[in-house]
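Work through the exercises below with the sequence and the model open. Each task is followed by a stepwise solution.

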Amino acid sequence: MKAAVWHTAKDVQVEQRAEPGPPGPDEALVEVAYCGICGTDLHEYVDGPHFIPHDQAGAAAPAILGHEFCGTVLAVGGPGGRVKPGDRVAVHPAQYCQQCRYCQSGMVQLCNQASWLGLGGAWGGLAQRAVVKQYQCFLLPESVSFEQGALVEPAAVTRQGVSRGGVQPGDVVLVTGGGPIGQLAAMNARAAGAREVYLSEVVPVRRELAARNAEPNRVFDPARENVPELVRALTGGDGVDVAIEAAGNERALHDALAATRKDGTVVQIAIHGRPVSLHPALELTIPARRLIGSLGYTPRDYEHVIGLMAAGKLPAERLITSVIPLEDLIELGMDDLVRPDTRNVKILVKPSA
Ligand SMILES: [Zn+2]
Ligand SMILES: [Zn+2]
């Protein structure tokens, strides 16, 4: 079968790989319908390995990429499992021990033994087929398309962030960053009942696309506008209840903190590439603000997001700007997405086009 294999930074090849063997008793063989290209994949491509397991010198084994995927179950290893041949499923890419305190509490993404399909795990979604554990499969109802199914993963990232932020009906929420995660965070905040959603983004084309897709109440340009001041003016001087930091730069984090009300919460979703300086007294202690991290998603986030999509409350498919065959992954996919002025938001790859 064809698969996109990461060899080292700037060396990703679409090549022939052995077919996965028959699924084991607790496994399913999935024919990939679509796999989205994620910012994480781009980081691995440009200057990885980051999440792909590697030694101290940065040496890593070749890995099939792709963790945002959905498809059709072709075969299962044993009867009576979670799925059967013909089922349409979105795949939760983590495999985990199911025993440790994090797995037991449902926060499986924090499992010390977790491995991730598409980031060093056995298989990946940027391939024609993959063998997955049946517990990784989440049924897509008829009303959820495969295009939407490929967006369950990034939507679940932001659902987890919104839920960790404790967004309540009637809340006012600021999202910093207007890329795919920022847009999906704004949609998930709205789906959680936020009364007003604001979004800040420095790149003009992203501001325009985020405004169209996520329909925030206000969009700010943090390079030219004082975001915290504008936000306070819009909230009777208080600030937002929750800010979701999805930009990953120092200004965005300070803006998120300063724009959040006393006793409010800032959720850090974006992966910052370098340290930032923070004034803990002024930014956290005196306003009694919470600053919390959010990583990945739980199985429950997958179920929640699929439910929202089925109910028409999460129009994530608006992010899709193109669909390409696997052969074009580098030229039309990754090389385009790393350009700062790209007009693409989410590119889906169709491995069996
Ligand atoms: Zn991703
Ligand atoms: Zn575990």
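The exercises cover metal sites, helix packing and backbone geometry.

The model is predicted, so local features need pLDDT of at least 70 and side-chain atom pairs count only at pLDDT 80 or more, while totals for chains, interfaces and linings use all residues. Residues are numbered from 1 along each chain as its sequence is written, chains are lettered from A and ligands numbered from 1 in the order in which they are written, and side-chain values use heavy atoms, with hydrogens and water left out.

**Exercise 1. Find the protein donors of the zinc ion (ligand 1) and place them in the chain.**

Step 1. Donors are N, O and S atoms within 2.8 Å of the metal (3.2 Å for Na, K and Ca); water is not among the atoms, so sites may look incomplete.

Step 2. Cys38 (SG), His67 (NE2) and Glu68 (OE) qualify for the zinc ion (ligand 1), at 2.1 to 2.8 Å. Their spacing in sequence is C-x28-H-E.

Step 3. Cys38 sits in the loop between strand S3 (27–36) and helix H1 (39–47), and Glu68 in strand S5 (residues 68–76), so this pair ties together parts 30 residues apart in sequence. Helices (H or I, at least four residues) and strands (E, at least two) are DSSP runs, numbered from the N terminus.

Step 4. Buried means under 20% relative accessible area, exposed over 50%, and partly exposed in between (1.4 Å probe, protein chains only). Cys38 has 12% relative accessibility and counts as buried. Glu68 is buried too, with a relative accessible area of 1%.

**Exercise 2. What is the geometry of the site of the zinc ion (ligand 2)?**

Step 1. The zinc ion (ligand 2) is coordinated by the SG atoms of Cys97, Cys100, Cys103 and Cys111, at 2.3 to 2.4 Å. Along the chain these donors follow C-x2-C-x2-C-x7-C.

Step 2. Four donors count as tetrahedral if all angles lie between 85 and 135 degrees. The angles among the four donor atoms of the zinc ion (ligand 2) are 105 to 116 degrees, and the site is tetrahedral.

Step 3. Cys103, at 10% relative accessibility, counts as buried.

**Exercise 3. Describe how helix H4 (residues 152–164) crosses helix H5 (residues 180–191).**

Step 1. Two packed helices are described by the angle between their axes and the distance between the axes. Axes are lines fitted to C-alpha atoms, for helices over the stretch in contact, and angles run from 0 to 180 degrees between N-to-C directions.

Step 2. The axes of H4 and H5 come within 8 Å and cross at roughly 55 degrees. Angles under 35 degrees count as roughly parallel, over 145 as roughly antiparallel, 65 to 115 as roughly perpendicular and the rest as oblique. H4 and H5 are therefore oblique to each other.

Step 3. The H4 and H5 crossing is right-handed (the near helix is turned clockwise from the far one by less than a right angle).

Step 4. Contact means heavy atoms within 4.5 Å. Residues of H4 that meet H5 include Pro154, Val157 and Val162, and their counterparts in H5 include Ile181, Leu184 and Asn188.

**Exercise 4. What is the angle between H1 and H11, and which residues of H11 are buried?**

Step 1. H1 and H11 pack at about 90 degrees, with axes 9 Å apart. The two helices are therefore roughly perpendicular.

Step 2. Asp41, Leu42 and Tyr45 of H1 make the contact with Ile330, Met334, Asp335 and Leu337 of H11.

Step 3. In helix H11 (residues 329–337), the buried residues are Leu329, Ile330, Gly333, Met334, Asp336 and Leu337. These buried residues pack against strand S1 (2–8), S2, H1, strand S17 (320–325) and strand S18 (346–350).

**Exercise 5. Which peptide bond is cis at Pro49, and what is the sign of phi at Glu215 and Ala288?**

Step 1. Most residues other than glycine have a negative phi, and most peptide bonds are trans.

Step 2. The bond joining Gly48 and Pro49 is cis, with omega about 5 degrees. Pro49 lies in the loop between H1 and strand S4 (63–64).

Step 3. Glu215, not a glycine, has a positive phi of about 45 degrees. Glu215 is in the loop between helix H6 (204–214) and strand S13 (218–220), and is partly exposed at a relative accessible area of 49%.

Step 4. Ala288 also has a positive phi, near 50 degrees. Ala288 lies in the loop between helix H9 (280–285) and strand S16 (290–293) and is partly exposed, at 43%.

Technical notes. Tetrahedral: all angles 85-135°; square planar, octahedral: opposite > 155°, others 65-115°.
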